[in-house]
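Please walk through this model in a viewer, starting from the whole chain and ending at a single residue.

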Amino acid sequence: MKLYDKGVYLVNGMELVEDTPDAASVLKAKTGSEATPELAKKQTIAYHILEEHNKSGNMEKLQIKFDKLTSHDITFVGIIQTARASGLEKFPIPYVLTNCHNSLCAVGGTINEDDHMFGLSCAKRYGGIYVPPHQAVIHQFAREMLAGGGKMILGSDSHTRYGALGTMAMGEGGPELVKQLLSQTYDINMPEVVGVYLTGKPEKGVGPQDIAIAIIKEVFANGYVKNKVMEFVGPGVANLSVDFRIGIDVMTTETTCLSSIWKTDEQVKEFYEIHGRTDEYAELNPGNTAYYDGMIELDLSTVKPMIAMPFHPSNAYTIEELNHNLMDILADCEKKAQVSFNGAVDLNLKEKVRDGRLYVDQGIIAGCAGGGFENICDAADILDGAGIGADEFTLSVYPASMPVYMELVRNGAAAKIMAAGGVMKTAFCGPCFGAGDTPANNGFSIRHSTRNFPNREGSKVQSGQIASVALMDARSIAATAANKGYLTAATDVDVNYTKPKYFFDRTIYQNRVFDSHGQADSSVEVKMGPNIKDWPKMCALTDHLLLKVVSEIHDPVTTTDELIPSGETSSYRSNPLGLAEFTLSRKDPAYVGRAKEVQKAEKVREDGGHPYEVLPELKDAVDVILQKFPNANESNTGIGSTIFAVKPGDGSAREQAASCQKVLGGWANIAREYATKRYRSNLINWGMLPLLIQQADQTDTLPFANGDYLFLPDIRKAVEEKASDIVAYAVKDDNLKEFHMTLGELTDDEREIILKGCLINFNRK
């Protein structure tokens with residue numbers, strides 16, 4: 001794999017020309033016409049799609065209107081509640097509500113099914129589409145029923161990626177969907193576009209997860225595609241089936257790119273024909289001379305079966321490399337666990353080695369990444385006639401939709417898996433985020449799913465539990481299962497892949513999916529279960545801010561799973577106050593208590609009382625501040641909390657990673673950088689300041705520590721006047737220590753949202 005360190009031209013979709021001083025003459029000789037980066041950038045597929053959806057008239061400052069929206073049952077309640085508070089009357093574009101995350105309705109009493117009934121009633125009242133539990137995971141339904149060539153889809157799940165079908169899709173926090181429901185726009189600068197130039201053909205036994213992990217390994221840490229669009233081109237694309245392309249595409253989220261798009265061809269056209277939607281196909285290709293801001297060149301034939309070890313998809317090795325350096329790599333994972341869990345629990349992977357071979361406890365093939373038809377058919381062929389054994393090892397397979405499941409039953413693939421000892425389950429995303437198939441304590445699971453963050457598989461450090469996940473392709477998982485749990489690459493087994501043809505039957509959808517066809521019925525009452533709560537009142541930004549640092553995280557990256565855990569907490573996603581109790585619970589269990597102490601003082605202030613009465617320590621800090629800022633008082637100075645993290649927000653699009661902090665009185669995050677655009681957007685949409693503090697070098701220390709008070713004078717004025725420099729003071733030893741931060745680039749609307757306190761206040765009628 002090669003990453004180019006400068007821009008690259010793609011000529012006639014087949015030949016790469018680096019952007020060197022003589023590039024113009026080379027291109028003139030090849031094409032007979034002049035080319036510049038400025039002109040050739042307009043020849044990418046991504047540029048054309050963005051141009052067609054941009055409403056600003058300025059391709060440098062985009063204002064995007066999406067064609068369709070999609071959410072699942074741990075996001076749609078909060079989204080619709082936010083939109084309802086802002087005056088929602090009708091869904092202006094198709095909006096699909098799937099139920100693939102909170103599908104286990106025994107968890108939380110009636111909570112989950114109450115959320116489902118809320119979704120169904122809203123689909124009827126506001127004119128949406130409702131997919132009942134176990135029918136399809138969000139992204140498979142979108143592939144089958146929503147995607148279209150040249151279209152754009154916005155989803156409230158980070159793995160909203162349908163680029164292989166010619167659809168530019170993005171995963172964002174809920175407030176960005178609210179804006180679309182209120183006929184507002186998605187505002188971003190024109191993103192850079194990075195080409196992914198594919199050649200060759202994958203080796204037999206290598207699957208899409210192998211290709212995806214290989215790419216993530218090369219581009220995650222260096223930020224090569226961060227907040228950019230990945231555009232897949234080159235002759236190698238034709239050597240991949242559409243299911244294979246989809247399997248790579250869905251994992252582009254783990255590179256931290258903004259979105260993805262692929263060239264399309266007759267195979268994609270056939271996909272739409274199979275699904276009865278031929279009119280949605282569009283042939284997409286870059287222009288004769290297209291310019292990319294970066295280029296990833298990959299010969300598919302060179303990729304070997306991969307494994308992403310705990311605790312990130314980028315912590316990747318070939319399976320062969322792992323087996324050759326087994327004890328060293330396992331020891332490294334154990335050290336990472338000590339850092340991540342602050343020594344609270346001990347991960348012991350070396351005990352999984354038996355007679356020099358790694359034994360795993362569990363295999364999972366599931367969800368939007370692993371549950372595709374071809375993945376499961378190939379796994380079934382490997383398992384045909386084999387047995388997974390009667391020891392600890394278990395295998396679960398979750399087809400991504402009921403139509404896929406039905407075809408696996410009809411063609412015999414499901415029978416092969418079950419005969420081998422595997423368990424076939426329904427369309428459910430649970431194993432991906434810790435709500436299903438949680439391993440035993442110190443268990444080691446291999447999964448064809450999307451992520452392997454700490455504790456994402458369901459274990460709880462606060463309860464003394466530890467387990468871990470490695471990501472692998474379905475084929476190597478099946479090979480391992482056939483070998484009774486001993487780690488095995490699919491290229492090491494001799495198998496005849498039958499490659500059965502897929503036949504899509506939409507009968508189940510016709511019988512079970514509610515589709516309003518865009519017709520709203522205002523006579524339908526929204527069904528509100530007892531756990532569904534409104535957002536609490538949030539006040540506008542005050543003239544000055546007094547913030548207490550209530551958590552300080554120095555991990556290189558902090559995931560949204562660490563900011564607000566997944567798994568069983570998902571049942572409380574419809575209850576802002578209930579969910580907030582879990583904030584940072586697996587990373588900093590003392591955070592909630594600290595934040596609440598500060599919030600009590602702010603509530604007293606808002607009610608016209610004296611904050612010191614509930615938080616006496618405030619008085620000492622205020623006395624120091626008043627020496628320099630005598631005009632600061634209880635009427636113009638808000639009191640809140642903040643956290644510091646080096647690089648927060650990697651992973652999920654879940655808005656609750658930010659909103660839970662806001663609900664607990666958070667008014668800002670301070671970071672060296674933000675891991676994703678979507679997390680920063682979530683902070684802004686909940687009225688929180690996305691502050692950045694510069695770092696001179698790796699040894700540079702912060703001007704504050706956990707427990708310190710920070711004073712931000714004239715912060716409201718700074719936001720209003722677009723100040724590039726935010727002056728702040730840390731209260732230290734009865735003195736004020738000055739330091740400086742920035743807010744980064746903000747649109748006018750984003751500034752107004754922060755000033756008004758949150759998106760709900762911004763839109764409230």
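The stops below go from the overall fold to one histidine and its surroundings.

**Whole chain.** Start with a cartoon of everything; keep in mind that this is a predicted model. The cartoon should show 28 helices and 34 strands in the protein chain. The radius of gyration is 26 Å, close to the 27 Å from the globule rule for 765 residues, so the chain is as compact as a globular protein of that length. Aligned to its principal axes, the set of C-alpha atoms fills a box of roughly 80 × 65 × 60 Å.

**Contacts and burial.** Next, colour by burial: 64% of the 765 residues are buried. Among contacts with a separation of 6 or more, 75% join residues 24 or more positions apart.

**Surface and charge.** Switch to a surface view. The protein chain exposes about 26700 Å², and carbon and sulfur atoms supply 48% of that area. Then select the charged side chains: 77 are positive and 100 are negative. The centres of these two sets lie 3 Å apart.

**H544.** Now select residues 544-553, which form strand β26, and pick out H544 within that strand. Is H544 buried or exposed? Its relative accessible area is 10%, under the 20% cut-off, so H544 counts as buried.

Which residues does H544 touch, leaving aside those up to four places away in sequence? Show these as sticks in two steps:

- Select A632, N636, T637 and G638, which are among the contacts of H544.
- Add F711, L712, P713, D714 and I715, which H544 also touches.

Definitions and conventions:
Residues numbered from 1 in each chain as written. Predicted model: local features only at pLDDT ≥ 70, side-chain atom pairs only at ≥ 80, totals over all residues. Heavy atoms only, no water. Helix = DSSP H or I, 4+ residues; strand = E, 2+ residues; numbered from the N terminus. Rg over C-alpha atoms; globule rule 2.2 N^0.38 Å. Buried < 20%, exposed > 50% of the residue type's maximum accessible area, 1.4 Å probe, protein only. Contact = heavy atoms within 4.5 Å. Areas by Shrake-Rupley, 256 points an atom, 1.4 Å probe, with all protein chains shown as cover. Lys, Arg positive; Asp, Glu negative; His and termini not counted. Charge placed at Lys NZ, Arg CZ, Asp CG, Glu CD.
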